Each structure stands twice: as structure tokens, then as C-alpha cells.
Amino acid sequence: MTKMKACWRLAASALGLALLGIAVAFAQTAPPAAAPSTPASSNPAPPSPAPANNDQAPVPGTLSAVPQASSGQGGDDQNNGNFTIKTNVNEVNLIFTVTDKHGRFIPNLQQRDFALLDNQKAPSQVFNFTQQTNLPLRVGIMIDASTSIRQRFEFEQSAAIQFLQQVIRPQEDLAFVMGFDVTPYVTQNYTNDQDKLEAGITKLRPGGGTALFDAVYTACRDQLIKVPPSKQGSVRKALVLISDGDDNQSRAYPDDAIKMCQRAETIIYTISTNVSPSRDRGDDVLRKMAEATGGVPFFPKRIEDMTGSFHDIEEELRSQYSLAYRPADFKLDGAFRSIYLVALNPRYIVRAKKGYFAPPKS
């Protein structure tokens, strides 16, 4: 037993030293290299069966094997969502949230407070690190209009309307409304007109099966990959999904929907309409979608608590950090590159996307 405890202490010490080494490298600065600007690439393909899942986070034991990183104050390419990869421009823009163990947001942190791995290596250069609290929003409200949620439907509509009234600022933010049963359908395109958004929600009528994965895939592909621009240039993209998570009609798989949202640089926030005492498979689906994209799943105990979930989403959308960096050993191979971001203070919890897809070689 004494030997086992000693081994655990040695392992913990090694992990701590590894994180410290990454943080030291991550915090060092150097003038940023100029990066050429190239338009974003190609149109995505339609839904297809998902390949084997390869988006696992790096093993903590490998954290010590990292090169030196550097940072600077250049780079004006802080783009739409959690990150941006442009063909022939090896730059990632990562949006993330930091909370304590009680879910309270932690402001005023600095680059030196974090350690970062991209594909199990520290970035070769950091361009910018900022706390962004008021970027213009591009938000999609997706409401499950299938038969399975008929009894809760009117309350869902009311809560969604209240959320949009509180969140969408007339001069800066835009939102769209999409319902889905067997197929997804947009009832209101991007607008900041509250009357039109409310009408888009009230047009929804429950009925039919549930093609959840097809709907998320379509929303990200058709509405969120390319969004209306803002005067500030950068925007924050989010999809708020209200559903029980039970899919019985989709051609796409869960990973298809997640990967399309990752390509669209969109955070998913899910609100479960399952208010039974026990969690079911649908709740697991909602959790996976949210966590894979850097969002949060909400599981209200009562349908009346849904408004509280919307309030938490609103607060989070205004309380996030942005980090723009150049990955080490970047390749244009279309492969998934994992992201591992951790706060050095163990009391803080970092929530970010698990990774992104490099563009394929043209």
C-alpha cells in the first residue's frame, strides 16, 4: 500500500510539472508572424454515415512533450465561433468559458493562467488572448415539434420567446427560428425584429416523428456556416436546442451533426424536455452534443424551470474568452485535431470544444 501511494504521488507530481512546463511556454511572448489572408473554403457534403469517432482528448501523461510557444498582440482574425481554420492560414480561434465548481463565471484571467495542447502539442504561436463579453450574436432557436413533446409544447414556445426578448439586441444581434419533426423547417430567417421572431415560434405545430440529428446537421450547414456579418467583424454563433433527445427518423448519425457544428464553429446549448425523475438515452444524446461543441446541457427538473436554463445560456454567451493561435505541425489533411485546454488553478473548470477539422489539401 505504501509503494502504491508513493507511485500515485510521483504520477501527480509529474503531471503538475508537465502542466507547469506548458504554461511557461504558453505564457512566453514574441512578435507575431504575418499570416496571409485566404477566403474560407468549400461547401460541406450532405449527411452521410459517421466514421469512427477519433475526437478523444489527449492523455494527460503526454503533456510534458511539448515545444515552446509564443504570443503577441497581432492578428485581427478573431472570427465567428469557438475557432476558425482557413485554408493555407494555420490559425485557430478558440472561444471558451471558465467557471468555478459552482458554475460561477471567472473573469479577468490571463493567458498565463492556462495550458493548451493542440493535437497533443503546444501551439507554435499565440496571436491574441482576450476576454470577450459583448460580441454580436448569431443564434438559432431549434424547437422539437414532434409528437413526443406535444404536452410541453406551448410552454417551450413561451420560454423561447422570452429568451429571445431578453437576449437579442436590436442593433447588433440576429436570430433565426427552426422547428423539426420528420424534417427541419425554418419559420423565421435571421432577424432582430422581436415580432417576427415571436411569430416564427408561434407558427410551429407539434406532430410526426423526430429527426433530431438531421435537423442539427441542416441548421449548421444551411444557417450557421455562413452568417450575416456584423460591423465588428467577429460574431459569436450558438444553437439553442429544445428537445427530449429521442431521435427515430434521422439519416444522419449523432457524430455527423456534431462534426457539422464543429465545422460551422457553433456552440450547442441543449435543454431537455424530459422532466421524469430518471435520465434516459435522449438526455445522453443532448449531453454529448453540447459538451462536444463547448456548450452546456440543461436538464430542468420541472418544465417551469426552463426559463432558468435560458437565463444561464444568456449569461454564458456574454462571459467567454477568446484565444487565437497557430498550431504546431499543422497539416492540410482534413483530419480531426484535438484540443486540450486546462486552467492551472484546479478550482477552475474550462469548457471548450474538443477539437476541430483541419481543411483538406486543395
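Which residue in strand 10 is the bridge partner of Val126? In this predicted model, in which local features need pLDDT of at least 70, side-chain atom pairs count only at pLDDT 80 or more, and totals for chains, interfaces and linings use all residues, the partner of Val126 is Tyr325. Residues are numbered from 1 along each chain as its sequence is written, and side-chain values use heavy atoms, with hydrogens and water left out.

Val126 falls within strand 3 (125-132), and strand 3 runs antiparallel to strand 10 (residues 320-326), to which 7 bridges join it. Helices (H or I, at least four residues) and strands (E, at least two) are DSSP runs, numbered from the N terminus; two strands pair if DSSP finds at least two bridges between them. Strands 3 and 10 belong to an open sheet of 4 strands with the order 3-10-1-12 and antiparallel pairing. Its edges are strand 3 and strand 12 (349-351), each of which pairs on one side only. On average, neighbouring strands of this sheet are turned by 30° against each other, direction ignored; axes are lines fitted to C-alpha atoms, for helices over the stretch in contact, and angles run from 0 to 180 degrees between N-to-C directions.

Another open sheet contains 3 antiparallel strands in the order 2-11-13. Here strand 2 (114-118) and strand 13 (355-357) are the edge strands, each pairing on one side only. The average turn between neighbouring strands is 15°, direction ignored. Strand 2 pairs with strand 11 (residues 336-343) over 5 bridges in the antiparallel sense, and Phe114 has Ala343 of strand 11 as its bridge partner.

Helix 4 (residues 212-224) packs against helix 5 (residues 254-263) at an angle of about 15°, the axes lying 8 Å apart. The two helices are therefore roughly parallel to each other (an angle under 35 degrees; over 145 is roughly antiparallel, 65 to 115 roughly perpendicular and the rest oblique). In the contact (heavy atoms within 4.5 Å), Phe213, Val216, Tyr217, Cys220 and Arg221 of helix 4 meet Pro254, Asp256, Ala257, Met260 and Cys261 of helix 5. By class, this contact has 8 nonpolar, no polar and 2 charged residues (Ala, Val, Leu, Ile, Met, Phe, Trp, Tyr, Cys and Pro count as nonpolar, Asp, Glu, Lys and Arg as charged, and the others, Gly among them, as polar).

The structure holds 1 disulfide (a pair of cysteine sulfur atoms within 2.5 Å). The disulfide is formed by Cys220 and Cys261, with their sulfur atoms 2.4 Å apart. Because Cys220 lies in helix 4 and Cys261 in helix 5, the pair ties together parts that are 41 residues apart in sequence. The torsion about the S-S bond is about 60°, so the disulfide is right-handed.
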